[in-house]
Structure formats: C-alpha cells, structure tokens
Amino acid sequence: MNLVLRLVAALLAVATAHAASLSVQNPLLTVTGADASQLRSESPETVKLGPSDVLKLTFQVAEAEGGKGVQPHQTFLRFSDEATGEEGVQPVRVTPGGKAKFELNMARPPASLPPTTTNPLKVSLILGSFVHAPAQYELFDLYVPASHPPPTHPDEVAFAPRPEITHTFRPEQRIPAKAVSAFFGAFVFWPWFVLLGFWYEIGPRVPHLLSPHIVPFVVSLAAFEGLLFWYWVDLRLGQVLLYGGILAIPSTLAGKQALAKTSEWRLGRK
Amino acid sequence: MPLAYSVPTDLSPATVVNATSLLRIVALALISGAAIASRLFAVVNFESIIHEFDPWFNYRATRVLASEGFYEFWNWFDPTAWYPLGRVVGGTIYPGLMATSGVIYNILHALNLPVDIRNICVLLAPGFSALTAWSTYMFTKEMKNESAGLLAAAFIGIVPGYISRSVAGSYDNEAIAIFLLMFTFFLWIKALKTGSALFGTLAALFYFYMVAAWGGYAFITNMIPLHAFALILMGRFSSRLYVAYSSWYAIGTLASMQVPFVGFQPVRTSEHMAALGVFGLLQIIAFSELVRAHVSSKQFQSLLYASVIGMGILGALGIVGLTYKGWIAPWTGRFYSLWDTGYAKKYIPIIASVSEHQPTAWPSFFMDLQLLIFLFPAGVVLCFRELRDEHVFVIIYAVVASYFAGVMVRLMLTLTPCVCVCAAVAFSSVLDTYIDPVEPEAVEEDAQTAGDGAVSASSTAVSTSSGSTTTTKKGKKAAPAAHAGPLDGLVSTVSAAVSSKKGEKARGIFGGDTRLAVILNALGMLLFFVLHCTYVTSSAYSSPSVVLASTNPDGSQHIIDDFREAYYWLRQNTPETAVVMSWWDYGYQIAGMADRPTLVDNNTWNNTHIATVGKAMSSSEEVAYPILRKHDVDYVLVIFGGLLGYSGDDINKFLWMVRIAQGVWPDEIQEPNYFTAKGEYRVDDEASATMKNSLMYKMSYYRFAELFGGNQAVDRVRGQQMPRIGPTLDYLDEAFTSENWIVRIYQVKKDDLLGRDLRTANAFEQGKKRKRSKPVARRKAIV
Amino acid sequence: MPPKSTSSSAPSNSVQSLLKSYTDTTSPRLKLIDTLLLFLMLSGIIQFVYCILVTNFPFNAFLAGFGSCVGQFVLTASLRSQVNPANRAEFKEVSPERAFAEFALGSIVLHFFVYNFLG
C-alpha cells in the first residue's frame with residue numbers, strides 16, 4: 001500500500017515537471033488618489049493606500065513558453081499580515097485570454113480585506129490549473145490604513161485558557177512557643193505529686209500483690225498497656241488486634257483465677 | 001386451684017427447663033433460617049447480583065478493600081468519580097460495611113474457601129438479618145420474657161419493613177446497621193439493668209461499629225441520652241444509670257471520633273450535644289448524691305438541688321452560646337428536613353429529590369407491618385403498665401421512631417424493630433393469658449370485672465381494629481395514674497406496682513372454649529401475617545432494579561436486561577478514560593459496571609456539580625455543548641422508559657434536574673418554562689419550546705417516532721402521543737440504544753474538522769442548501 | 001454507709017462538716033480511689049486550660065488526652081460506686097471483683113482508642 005502511494009507520488013512529480021508553467025505578464029498597477037492623482041507602476045516594492053484611494057491591478061496570465069494567454073481555473077489574491085496572522089483571499093476573474101483586472105477601493109473595501117494594523121499586508125497571487133504547474137507570485141507589500149482590531153469569536157471566551165487556579169489553604173496552625181509547651185508539659189505532671197502524696201498518707205496495703213495468684217493478672221494487664229503503647233509507636237491496626245486477641249486469652253484466665261482468689265479472701269475476712 | 005385443661009405433673013422441673021431451652025434454640029435456629037430464606041427470592045427469581053444504586057458503590061469499594069488491603073482502602077482517592085474533582089473515598093464513607101465483608105472474605109480465604117467477594121456482598125444482608133432476629137430476641141427478653149422474645153424474633157425475621165432493605169443483593173449500610181442498632185440497644189438495657197461497666201463498654205464498642213457503619217447512628221446518639229434524661233426527670237436516677245451511661249458515653253464518643261467521616265463532629269455539632277449535656281448532668285447529679293450521702297441537712301439538700309438546676313441551665317446556655325459563636329456547628333439541613341417536611345423542597349432540592357426521603361404514605365405502614373401496626377399501640381400500653389426503666393426506653397423509642405417513620409419513608413426502617421418488639425409483647429401477653437391453664441376461682445363479681453377489664457381490652461385490640469382505639473383510650477386512662485406516681489417519687493410507683501400485682505391474682509379466663517376461640521384466632525392472624533410477608537417480599541421487594549422482569553403473554557417471565565447491556569457496551573466499546581455524563585442516580589452503576597469516569601454520582605456531596613449536569617440536561621444544545629466540552633464529556637447516558645413504560649426514567653426526574661439547576665442559575669433555568677401554558681408537564685406537541693429544545697428531551701425522543709413506522713408514536717409512561725417528526729441533534733451522535741430503549745447513550749461530537757460550527761456542518765451533511773448570505777467583513781474601518 | 005456521724009449540731013460551715021463526715025466514714029480503699037479521681041480531674045482540668053489558653057492545635061491529641069482523663073474518671077467513678085458497700089443493694093449482679101474486671105476491660109478498650117487517636 002505504502003509502496004503504491006509512493007509510486008503515485010513519484011509519477012505525479014514527474015508529470016508536474018513536464019507540465020508547462022504559468023507566468024504573469026504585463027502587470028500594471030494604478031493607484032488613484034482622492035484628488036484624482038495617479039501613480040502607475042510596473043512592479044513596485046511597496047504600495048501605500050489612503051483611506052479613499054483606489055488600487056487597480058491588471059495583468060495577463062500566460063504560458064511561460066510561447067506567451068499564449070491561458071485562463072487558470074483558480075486565481076486568487078491573498079492578503080496576509082505576517083505579524084498578526086490575519087489573512088484574506090480574494091478570487092480574481094480572468095478572461096479566457098488570460099487577462100485579469102482587480103480593483104481595490106479603500107472607501108468600500110471587499111470583505112476579504114483583513115483587519116490591519118500599521119504592518120504591511122503581503123499581497124500574493126496564487127494560480128491553479130489542471131494542466132499547468134501551480135504558481136505563486138509575491139507581488140508587493142500593501143500599506144492600508146489601520147482598522148479596528150479583529151472581533152473576537154463568541155466562543156473564544158469559553159475555550160480560551162483560564163487563569164491558573166490558585167488554591168487557598170487554611171492558614172498553617174500556630175505551634176506555640178517551646179517554652180509554653182514545656183511549661184505546661186511539666187505542669188501536667190504535678191497532679192502526680194498530689195496523687196502520690198495522698199496515697200502516701202492513706203498508705204494502701206496490698207498484702208497479696210506478690211502472691212502467685214495475683215501476679216499473672218497484673219503482668220497481663222501491664223502487657224496490655226505495653227502492647228497499646230507499642231501500637232502507638234510502631235504497630236499497625238491488624239497486628240495489634242491479633243496480638244491483643246492472643247493476649248486476651250491468658251489474661252482472662254489469669255484474671256478469673258486472681259479475682260476468684262480475692263473474693264475468697266474477702267468473704268473469708270468477713 | 002382449678003385448671004382449664006390437664007397438664008402433666010410427673011415432669012421434674014429440670015426436665016422442663018432443659019426442654020424449653022432446647023426448644024428455644026431450635027426455634028431461634030428456624031427463625032434465622034426463615035429470615036435468611038425469605039430474603040433469597042431475589043437470587044432465586046433473578047440471579048446473584050448487586051441491587052439498586054448505592055450497593056454498587058459499596059460493592060466496588062469492597063472489591064478495592066479486598067484486593068488492595070485495609071490501609072490502601074483507607075487512603076483511597078478515586079479520580080474517576082466526580083470528574084474532574086475526584087473523591088476522597090476513605091474519608092467520606094462509613095467503612096463498617098466494607099470492613100465487615102472484607103473480614104469475612106479474609107477469614108473464608110484463610111480457611112481455604114475461595115468464595116467470590118460478590119457472593120459475600122450479596123449474602124451479607126440475609127446473614128445479618130439472622131443476627132438481627134437474635135438480637136431482637138435478646139432485647140425483647142429483657143422487656144418481657146423468652147416467649148415474647150421468640151415472637152419478636154420471628155416478626156423481625158420476616159416483616160417486610162425490614163426485608164425491604166435487606167434482601168440478598170441489597171448490599172447497603174442498613175443491612176448491618178439494624179442488627180447493630182438492636183444489639184446496641186440490648187447492651188444498653190442490659191448495662192442499665194445490671195449497672196455493669198462491662199455491658200456499657202460493649203455497648204460503646206457496638207456503638208462504634210454502628211458509627212462506622214451507618215449515618216443513622218445519630219439515632220442511637222440521641223435515643224440513649226433521651227432515655228437517661230427521661231429517667232432522671234422521673235426521679236429514677238441510680239448509680240446503675242450513672243455507670244451504664246458514663247461508660248457508654250466516654251468510650252463510645254472517643255471511639256466514634258476514630259471514623260474519619262465523623263471526625264470531630266461529636267464535640268462540634270448540635271446533633272451530638274444532647275448526649276454531652278446528659279453526660280454532664282449525670283456527673284453533677286452523681287456528685288450531689290455523693291455529697292448528700294454525707295450530709296443530712298435538709299437545707300443543704302435544697303441548696304444542692306438549686307445548684308444542680310443552675311448548673312444545668314448554665315450548661316445549656318453555654319452550648320447555645322457556643323453554637324451562636326460558631327464553635328459548635330448548628331443543625332444541618334438534613335436534620336431540619338426531619339422537623340419541617342417542606343424544608344428540603346424549599347432549600348435543598350437534592351435531598352427532596354430522593355424518593356425515599358419523601359413522607360410516608362399511609363398504606364405503606366400496612367404493607368410493611370401488616371398486623372403488627374395494630375398490635376403496636378397495645379404493646380406500648382402494656383409497657384406503661386409495668387414501666388420499668390427498659391419499658392420507658394421502648395415507649396420513648398416508639399414515640400420518636402413513629403414520628404420519624406411518618407416523615408421519611410426510609411426511616412420506616414428504624415420503626416420496624418420497635419414495632420416488632422411491642423407487637424411481640426402484646427401478642428405474647430394475649431397468648432400467656434389464654435394458654436395459662438389456671439382458672440381463677442369464682443370470687444365476688446365486682447373484683448372480677450375490674451381485673452378483667454384490661455386483659456379483655458387488650459385481647460379485643462388484637463382481634464379487631466376498632467378495639468385498638470378503645471385500648472388506647474383505656475391505656476390513656478391508666479397511663480396518667482402510672483405517670484403521676486413517678487413524679488411524686490419512686491415510692492408511690494413501687495406501691496402502685498405492688499398493688500397491681502395483687503390485683504392480677506384474681507385475673508384469669510374461665511373455660512376452654514374462650515381460650516380455643518382466641519388462640520385459634522391469634523394463630524390465624526399469624527398465619528395471614530406470614531402469607532402477607534411472603535407475598536410482599538416476593539412481589540415488591542425482591543426486584544434488583546438493575547434487572548427488570550415482565551411477564552410474557554404465556555405467563556413465563558421475561559427478563560429485561562437493558563441496564564447491564566448498556567453498561568457492558570460502554571465497558572467494551574469506549575476507551576477507559578471516556579467520561580460519561582448522566583444524572584447522578586446512575587453514577588455508581590456506571591462506575592461499578594462500566595468502570596468509566598462519571599461527572600456526578602449518588603454521593604451528592606457537591607451540589608454545584610450536580611446543578612451543572614442539570615443545567616446541561618435542561619438547556620438547549622448550543623448552551624449545553626460548551627458545558628459538555630469543558631468537562632471533557634465523551635458520552636451522555638439517559639434512561640428512557642417511554643417505549644416500555646418504565647416509569648423511573650429521566651423525563652420523569654427531569655423537573656428535579658431543572659429545579660436543582662435553577663437553584664444555582666436562577667437567571668438561565670426557570671422551572672415554569674418547562675410547563676405548557678396551562679401549567680401541565682407535557683412531552684407531546686403541546687410541550688413548551690424550552691422543553692422541546694432541552695437536551696434531555698431531545699436525547700430521550702431522538703428517532704423515537706421512526707420506531708413506529710409512520711404510525712402515531714406513543715410515550716407509554718406519560719401516555720401521550722408524540723409528534724410525528726422527532727427532535728434532531730446537531731452536537732451529539734447516537735452511539736448506543738439498548739434493546740428496549742431504556743438506556744440511550746450519545747457521543748459528544750468533537751469540533752468540526754473544517755472549523756464550522758456543528759450545526760452548519762450537520763446541515764451540510766444532510767445536503768441542505770445553506771442560505772446564501774453576504775460574507776461579513778471582519779475588518780471594521782476606523783472612521 | 002449511712003451518714004450517721006453527721007449531726008444537725010455540726011459546725012455552721014457545711015463544707016467542713018462534709019469533709020469531716022467524709023474522712024470519718026469512708027474506707028481507705030474508697031479514699032484510694034477518690035485520690036485517683038482527684039488526680040484525673042486535675043490532669044483533665046490542666047489540659048483543658050492549656051487548650052483554652054494556649055492552643056488546641058493537634059485537636060485530636062487534645063481530645064485523646066482529655067478523653068482519656070474523662071473516660072478514666074468515669075470508669076473509676078463507676079468502680080467506686082460499684083464497690084461502695086453503701087450501694088450493695090443496687091448492684092446485685094456485680095461483685096467487687098467483677099467490678100474490677102470490668103474496670104480493667106473498660107480501661108483497656110479506652111486506652112486502645114486513646115492511643116489510636118493520639119496520632
């Protein structure tokens with residue numbers, strides 16, 4: 001498939017090379033001012049038009065060899081502003097003999113004339129034909145009075161890039177001064193002194209704390225607290241639930257035993 | 001003592017006890033079996049499939065949990081929902097349901113049982129309904145006795161009001177929440193009765209589970225404080241109440257804050273302040289009780305009471321002040337809509353648009369509860385007769401839940417357990433009275449009639465509906481007597497209770513024929529209840545709504561599977577990043593079944609985004625197109641029931657779209673424009689121009705008339721004749737229409753390659769001659 | 001324990017009489033618990049004051065700390081009322097030993113949530 005395409009392209013290239021090319025002959029340019037003053041030129045580089053000047057352009061399209069006039073099936077004048085990218089294309093009528101005439105009246109400009117600034121409009125002639133090679137001629141630079149800037153497309157608002165979204169975040173939380181934190185941190189500890197002081201005064205007696213019935217229960221409770229502390233430091237939820245579940249079994253047994261013993265003591269004392 | 005019929009006397013008490021407990025276990029097992037089995041209609045009639053809308057999201061989230069693990073699930077950010085915003089799923093859901101099925105899934109796989117996660121999700125609700133039956137049994141046992149408990153378990157097992165939300169495949173939060181609700185209440189009652197911190201802690205743990213599982217946890221958060229407060233006002237404060245409430249609140253509140261979606265709400269929002277207030281009040285009362293134990297001065301006591309009341313008022317004022325200053329968030333809109341049924345329609349149409357948020361229609365009480373609704377008041381009256389602490393709870397529960405069930409259809413669910421408990425208490429009282437073989441001795445006539453009054457009243461309440469009104473009247477008469485007691489003090493209540501017990505001695509039924517008549521009658525009613533429940537469950541509540549069923553002329557079932565057909569089409573034929581726009585009802589299903597990004601879904605957290613979709617649907621193509629393109633929409637999906645007569649389609653929901661859009665863009669969308677001049681909502685020739693130009697209308701009826709081949713096209717839902725020439729679409733292409741036209745999918749056209757606007761391009765395609773017009777000059781000369 | 005020792009002819013200052021009656025009639029075990037209660041209350045108050053005066057910045061940490069104090073306080077108070085011989089009639093099903101076991105269980109559950117919340 002690809003090969004076929006390439007082959008066709010190559011054949012076409014050969015064909016165009018063989019085809020006769022077109023040329024523009026007798027270009028004549030006339031600018032008629034508002035005061036009827038005329039300026040004629042064969043091939044000027046730049047043309048300046050006032051707000052009410054009229055530009056007339058005549059030429060003949062002919063074969064490069066032989067000079068026989070031809071009528072190309074497409075003839076356009078293209079006005080393009082290279083700075084802004086605005087452009088307008090105006091078809092030009094050509095007689096069967098190849099003669100063409102174009103008139104640009106600045107008082108009533110054609111719709112194809114693009115909006116302009118002070119930059120020049122490049123005017124080029126584009127010719128297309130079935131039998132001849134296509135041709136494009138840069139004619140001249142045209143200076144026309146500046147117009148209003150081009151109107152914006154109604155959808156442009158919708159599809160234009162939006163200003164970047166800037167997120168507003170909550171203000172960063174104020175962390176109090178270290179000294180204040182430290183002071184309160186120390187302050188939290190003083191109830192401990194109150195507690196220990198009172199306990200010292202009351203003097204609780206724990207006669208059975210170290211008896212073999214009680215120790216396992218106390219140890220398992222301490223283990224639970226240790227496990228939870230470990231959870232805070234390191235463990236994940238699943239692990240702590242697993243370990244806690246395992247630990248719960250011996251603690252329950254130890255607790256049952258310890259509390260049964262205690263209740264025995266209590267009732268015995270009574 | 002005379003007996004109405006002979007009872008065997010040669011049984012040892014131990015045998016009787018053993019036999020009854022065995023019978024109870026067997027009965028509970030059978031009830032569980034019945035509860036599970038009656039929920040399997042959906043699987044039997046259709047297939048093992050997830051139902052409705054929300055369950056599809058839960059199912060999708062569970063799949064993520066099962067495959068990715070818990071911590072990944074916790075931090076899951078879903079970029080495909082709420083395109084282009086995305087959704088932080090882990091922080092905006094109640095994860096209890098997914099965690100439950102995740103745990104079950106992992107346990108089963110650890111046991112080498114490779115069960116598909118979908119089947120776990122489908123069968124979770126029936127499984128938990130068995131647990132609900134058990135917890136209702138436990139709860140009712142605390143109210144009356146085991147036999148009432150068994151009745152209550154049987155009721156809740158098959159009552160349609162609960163089945164409606166827990167059939168197999170209805171994988172929603174409510175599936176496990178009702179079990180948790182009942183079990184938490186049971187633990188609370190148990191804690192209150194025994195004064196045990198153990199049960200308080202357990203209640204807190206299950207409360208935590210409930211918080212993690214359902215937004216309705218606020219019901220517990222307010223029910224328990226309300227009960228505690230009522231007990232305090234009745235002068236029934238006790239250390240047991242203190243222990244139960246304090247341990248529940250302290251642990252439960254801290255635990256509830258672990259759920260990310262709840263966060264700091266328990267200390268910040270008004271909904272939770274009642275619990276905090278009662279907690280503070282209890283501390284003050286407990287302290288004053290302690291002080292009173294050490295001081296006997298009468299003056300000091302009065303001083304204490306004054307200070308207690310003063311502190312209570314101060315606390316309440318403090319809470320009000322904090323609310324005013326913005327420290328505590330005021331009530332949310334959803335909460336207001338509970339008190340003012342018109343509130344939601346006015347201010348938050350998105351809440352009002354959900355059908356299950358509508359006020360309940362009265363027939364649905366009878367459909368969902370059948371005979372229980374007659375027994376319910378009788379049960380409440382019986383609670384007044386005993387009026388222990390737990391009966392106060394049931395009474396409060398009954399009043400509150402009845403109100404809520406009247407306000408919102410979906411809250412019928414919270415009423416159902418209470419109705420079952422009360423009805424079981426009433427029913428078992430009847431049976432107890434009439435089965436009891438002991439005949440009263442014929443004593444003096446007046447005492448007999450007086451004693452008989454209440455019992456016969458309650459029995460008539462059971463047999464006829466008119467009887468129930470007489471009971472309530474009598475109950476009301478009895479209630480003030482019981483009510484006045486507690487206000488005076490505890491002593492009078494106790495004495496009243498004792499005296500009423502004495503009176504009971506004389507009660508009883510003579511003869512076997514009355515017994516037989518009443519018992520047969522009661523059994524007959526139970527039989528009809530079972531029939532009704534089975535019928536309602538199989539016909540009304542077992543439709544998955546994803547798959548529809550119709551009956552062929554020959555009576556066989558015809559399955560309409562348009563939804564899945566369309567969603568699988570999307571899955572198979574569109575790129576994975578294709579954004580699908582639809583009304584929010586279908587967001588979860590598209591995400592779950594088609595696995596495509598959606599603009600809005602059933603989470604409804606962003607009203608503006610939903611309103612944007614509403615605006616796109618309700619405005620003309622030219623207006624909608626930029627909205628669609630700006631949101632990268634590739635496909636638009638609409639549900640259309642006009643061909644089949646499926647009434648839950650988008651045209652019927654259309655006015656809500658309009659209303660929601662109007663809430664945000666009142667200048668561009670106006671509801672009256674969608675009605676005809678006569679104020680009718682029509683889709684036929686007479687429809688208003690705005691209606692006919694709206695995207696939703698065009699998408700629904702595009703090429704609809706062609707289907708009838710020149711005959712008059714008829715919309716079978718609205719019953720209206722459609723215009724012969726249907727609407728045309730310029731900016732969208734029909735991409736897919738399902739077999740019965742229920743789901744229609746349109747592709748949003750890209751920009752025209754030649755830079756024309758799509759309307760012109762389309763006109764050109766159809767060979768229409770463009771109206772010749774002078775080209776407009778872009779240049780404007782400066783004059 | 002019924003307040004027998006407080007008489008109507010006690011000093012006019014009722015607070016003093018209250019304290020006197022308390023020290024006279026309360027068993028050392030209950031006093032032990034009461035000091036723990038006092039300790040928890042003071043710790044809670046200090047944290048609350050810090051929250052009000054300085055900052056509530058890691059709000060979850062504050063809630064965890066304050067919640068642990070309050071929770072432990074009510075659990076201990078529950079224990080106290082359960083083992084208080086004066087309340088024997090109210091708690092028929094809860095022996096002092098069972099009360100302690102419940103206290104231990106409740107505390108472990110509470111501490112689990114506290115650590116979980118601490119951040």
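Me: A polar contact is a pair of N or O atoms within 3.5 Å; within protein, one must be able to donate a hydrogen and the other to accept it. How many residue pairs are in polar contact between chain A and chain B?

Reply: This is a predicted model, so keep in mind that the polar count takes in residue pairs with both partners at pLDDT 80 or more. Between chain A and chain B, that count is 1 residue pair. Salt bridges between chain A and chain B come to 0.

Me: How many residues of each chain are in contact there, and how much area do chain A and chain B bury between them?

Reply: Start with the residues: 19 from chain A are in contact with 11 from chain B. Then take the area: the two chains bury about 1,300 Å² between them, with 59% of it on carbon and sulfur atoms. Ala111(A), His148(A) and Phe159(A) supply 33% of what chain A buries against chain B, more than any other three residues. Sorted by class, the chain A side has 13 nonpolar, 3 polar and 3 charged residues.

Me: Now the other partner. How many residues of chain C are in contact with chain B, and which helices of chain C supply that side?

Reply: Here 38 residues of chain C are in contact with 35 of chain B, and about 3,000 Å² is buried between the two chains, 70% of it on carbon and sulfur atoms. On the chain C side, α1 (14-25), α3 (59-83) and α4 (96-118) each supply at least two residues. The largest share, 14 residues, comes from α3(C). By class, that side of chain C has 18 nonpolar, 15 polar and 5 charged residues. As for pairings, chain C and chain B have 6 residue pairs in polar contact and 0 salt bridges.

Me: Let's zoom in on one residue. Is Gln283(B) buried or exposed?

Reply: Anything under 20% relative accessible area counts as buried. Gln283(B) sits at 18%, so it counts as buried. Gln283(B) belongs to helix α14 (residues 273-294) of chain B. Leaving aside neighbours within four places in sequence, Gln283(B) is in contact with Tyr242(B) and Ser246(B), plus Phe73(C) and Val74(C) from chain C.

Me: Which residues of chain B have a pLDDT below 50?

Reply: First the overall picture: chain B averages a pLDDT of 82, and 86% of its residues score at least 70. The stretch below 50 is residues 445-504 of chain B. Beyond near neighbours in sequence, that stretch still has 40 contacts in the model.

Technical notes. Residues numbered from 1 in each chain as written. Chains lettered and ligands numbered in written order. Predicted model: local features only at pLDDT ≥ 70, side-chain atom pairs only at ≥ 80, totals over all residues. Heavy atoms only, no water. Contact = heavy atoms within 4.5 Å. Buried area = accessible area lost by both parts, 1.4 Å probe. Salt bridge = Lys/Arg side-chain N within 4 Å of Asp/Glu carboxyl O. Polar contact = N/O pair within 3.5 Å; in protein donor to acceptor, adjacent residues only side chain to side chain. Nonpolar A, V, L, I, M, F, W, Y, C, P; charged D, E, K, R; others polar. pLDDT = per-residue confidence, 0-100. Helix = DSSP H or I, 4+ residues; strand = E, 2+ residues; numbered from the N terminus. Buried < 20%, exposed > 50% of the residue type's maximum accessible area, 1.4 Å probe, protein only.
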